[in-house]
Amino acid sequence: MKHKKILIVSIIGLCCLLGVYCPWPAGVRAALTAGLPSDLWNPGKNTLTTAYPFPRADQTTYQMDLYLDAINRIVYGQSQIKTINTSGRVLGELWLAIYPQAFQDPGSSPAPSAAYAQGFSSGGIQIKQVKVNGVPSEFITEDICMKVMLPSDMLPEEELTVDISWQAEVPRVAYRYGTADGVFMLGHFYPTLNAMSDSGWCRPLNSPFGDPFCLSAASYLVRINLPQDYRLITSGELIASLALDNGRENHLIKAELVRDFSLTACSRYEKLEQAEKNITLKCFLPPDMQAKGREIIKQAGQIVQYYNCLWGTYPYGELSVVVVPMQGFSGMEYAGVVYISEDQLDHPGVVTLLAHEIAHQWWYGLVGNDQYDEPWLDEGLAEYSATLYINHVQGQDQAQLSPGIAKRVNLDRALPDFVSDEQYRQVAYQGGEDFWLALEQELGRDKVQKILRSYLANYKHQLVTSQDLERVINQEAHRDMSAFFAAWSL
Ligand SMILES: [Zn+2]
């Protein structure tokens, strides 16, 4: 199938070069072969405000022009971020996350040493140039963040265009940012504008466990140049591909209102596809795992439909489950993409894992939170959601409260407050799930699901805090729930 596709794309590409026929509108054709347009779409505005006023999802776009040098493990990137200063204050600097910097040396890499099968391999990102509104700007890097000094103060409601030339080195490591067994796993690989809360910039630090991110949703238009024998899996939807005469291929991808943009490129994977009511499910995995892939995609379809009915419809056209040679995490969530580690496929808990990662499409993807500062918000809810699904398929109506619920834990903890991955999981995952199970005891399951529908409807594409959640719960419970929150130190 792959060769046939390449042949068709090559013929179309040749015809385009000859000026004979091109199946795409002029704008798409130009985006594939020349510059990316600046006005491909204009996201509508909404009026919601949260504790994170900047950057706003509906006013922020990323355009990225990427080139993967698979042999030397380098991604060359040219990013243009457009947004509006909605912070309500005068800005003198910008903070961006540059996650590849976490992989510079063995002492700071979050990947376990076992993930470096051939010994340590360094990764990082070089920022070549930053321009703000066309003016070259000074910048400094600090841990996994970068501070850009604005050439002049940015007034409220002023438009902001940030152009960044960069190149990211991809380490040889079986991790969520790295390459192993012919698979490039590129999560959080590009400079991302950090969110700003009422109290200032989110400036996460590298962490040996968990997710040090606080990401505002945005819309993306990405062109990526890949070797033709690589399969591409990304957030968003592929608009068009064009084979070039040098053995490479240009792909144009559009992703509207997504929490992040992830990219996976692999030379050996098979694709399984299943059409559901509102969505196309895809599963990518090594050819010898196809039988398991069919079970995974079937389960994924049931999970998505279950969550759709419970809270609200998954709003994107596609969801991809990718089986990756990843260590350190059993699964990982990105907008429209879920990673499952190869070594989890035979594990009896793989359906629970899949249900957890797919739940993040709602609780991370649609309703976001500061994963560094309040990791319990998305992890606890993903864990609780997976329990709901497992109880549903097992025919149990009522989830049992776990033994740990007798001692309510302090949920008000940021990543650096945990001494180990085990403690982080006990609190953010198990403690977070216990919060929701205890809320069921207090208000009943139907009320809790109503709360979650309201939470989604109110904060879709936003970033929330525990206080935002408390407001929704108070509203739906028709009473003051501060004593309940205080029992969890919130
Ligand atoms: Zn999770």
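**Exercise 1. The turn after β4**

Task: In this predicted model, find the bridge partner of Val 132 in β5, and state how many residues lie between β4 and β5 in their hairpin.

Solution.
- Step 1. Val 132 has Val 135 as its bridge partner in β5.
- Step 2. The two strands, β4 and β5 (residues 135-136), pair in the antiparallel sense over 2 bridges.
- Step 3. Together β4 and β5 make a hairpin, with 2 residues between them.
- Step 4. Asn 133 sits in that turn and has a positive phi of about 50°.

**Exercise 2. β4 and β8**

Task: State how many bridges join β4 to β8, and which residue of β8 is the bridge partner of Ile 127.

Solution.
- Step 1. Strand β4 covers residues 124-132 and strand β8 covers residues 159-169.
- Step 2. They run antiparallel and are joined by 8 bridges.
- Step 3. For Ile 127, the bridge partner in β8 is Trp 166.
- Step 4. Another residue to look at is Gln 126, which stands opposite Gln 167 in β8.

**Exercise 3. The sheet that holds these strands**

Task: Give the strand order of the open sheet of 8 strands and name its edge strands.

Solution.
- Step 1. The order is β5-β4-β8-β2-β1-β14-β17-β16, and the pairing is mixed.
- Step 2. The edges are β5 and β16 (237-243), each of which pairs on one side only.
- Step 3. Helix α2 lies across β14 (218-227), β16 and β17 (248-258), and runs at about 65° to β16.

**Exercise 4. A second sheet and its helices**

Task: Give the strand order of the open sheet formed by 5 strands, then find which strands α3 and α4 lie across.

Solution.
- Step 1. The order is β19-β20-β21-β23-β22, with mixed pairing.
- Step 2. β19 (270-275) and β22 (331-334) are the edge strands, since each pairs on one side only.
- Step 3. From one strand to the next, the twist averages 15°.
- Step 4. β19 and β20 (residues 280-285) run antiparallel and are joined by 6 bridges; Glu 273 has Lys 282 as its bridge partner in β20.
- Step 5. Helix α3 (residues 290-310) lies across β19, β20 and β21 (318-324), at about 150° to β20.
- Step 6. Helix α4 (residues 350-359) lies across β22 and β23 (337-341), at about 155° to β23.

**Exercise 5. The largest nonpolar core**

Task: State how many residues the largest nonpolar core has and which have the most contacts inside it.

Solution.
- Step 1. The core has 140 residues.
- Step 2. Helix α5 (residues 375-393) supplies its largest share, 8 residues.
- Step 3. Ala 300 and Ile 358 have the most contacts inside the core.
- Step 4. With neighbours within four places in sequence left aside, Ile 358 is in contact with Ala 300, Ile 303, Val 304, Tyr 307 and Val 338.

**Exercise 6. Two helices that cross**

Task: Find the angle at which the axes of α6 and α7 cross, and say which residues meet.

Solution.
- Step 1. The axes of α6 (residues 421-443) and α7 (residues 445-459) cross at roughly 120° and come within 7 Å.
- Step 2. This angle makes α6 oblique to α7.
- Step 3. From α6, the residues Trp 436, Leu 439, Glu 440 and Leu 443 meet Arg 445, Lys 447 and Val 448 of α7.
- Step 4. Sorted by class, this contact has 4 nonpolar, no polar and 3 charged residues.

**Exercise 7. Unusual backbone values**

Task: Locate the cis peptide bond at Pro 55, then decide whether His 478 is buried or exposed, and whether Ser 489 is buried or exposed.

Solution.
- Step 1. As background, most residues other than glycine have a negative phi, and most peptide bonds are trans.
- Step 2. The cis bond joins Phe 54 and Pro 55, with omega about -10°.
- Step 3. Pro 55 lies in the loop between α2 (26-33) and β1 (61-69).
- Step 4. His 478 has a positive phi, near 60°, and lies in the loop between α8 (466-477) and α9 (482-486).
- Step 5. The cut-off for exposed is 12 or fewer other C-beta atoms within 10 Å.
- Step 6. His 478 has 7 such atoms within 10 Å, so His 478 is exposed.
- Step 7. Ser 489 also has a positive phi, near 60°, and is placed in the segment after α9.
- Step 8. Ser 489 has 11 other C-beta atoms within 10 Å, so Ser 489 is exposed.

Conventions:
Residues numbered from 1 in each chain as written. Predicted model: local features only at pLDDT ≥ 70, side-chain atom pairs only at ≥ 80, totals over all residues. Pairing = 2+ DSSP bridges. Helix = DSSP H or I, 4+ residues; strand = E, 2+ residues; numbered from the N terminus. Axes fitted to C-alpha atoms, helices over the stretch in contact; angles between N-to-C directions. Parallel < 35°, antiparallel > 145°, perpendicular 65-115°, else oblique. Contact = placed C-beta atoms within 7 Å. Nonpolar A, V, L, I, M, F, W, Y, C, P; charged D, E, K, R; others polar. Core = buried A, V, L, I, M, F, W, Y, C linked by C-beta atoms within 7 Å. Buried ≥ 20, exposed ≤ 12 C-beta atoms within 10 Å, placed from the backbone.
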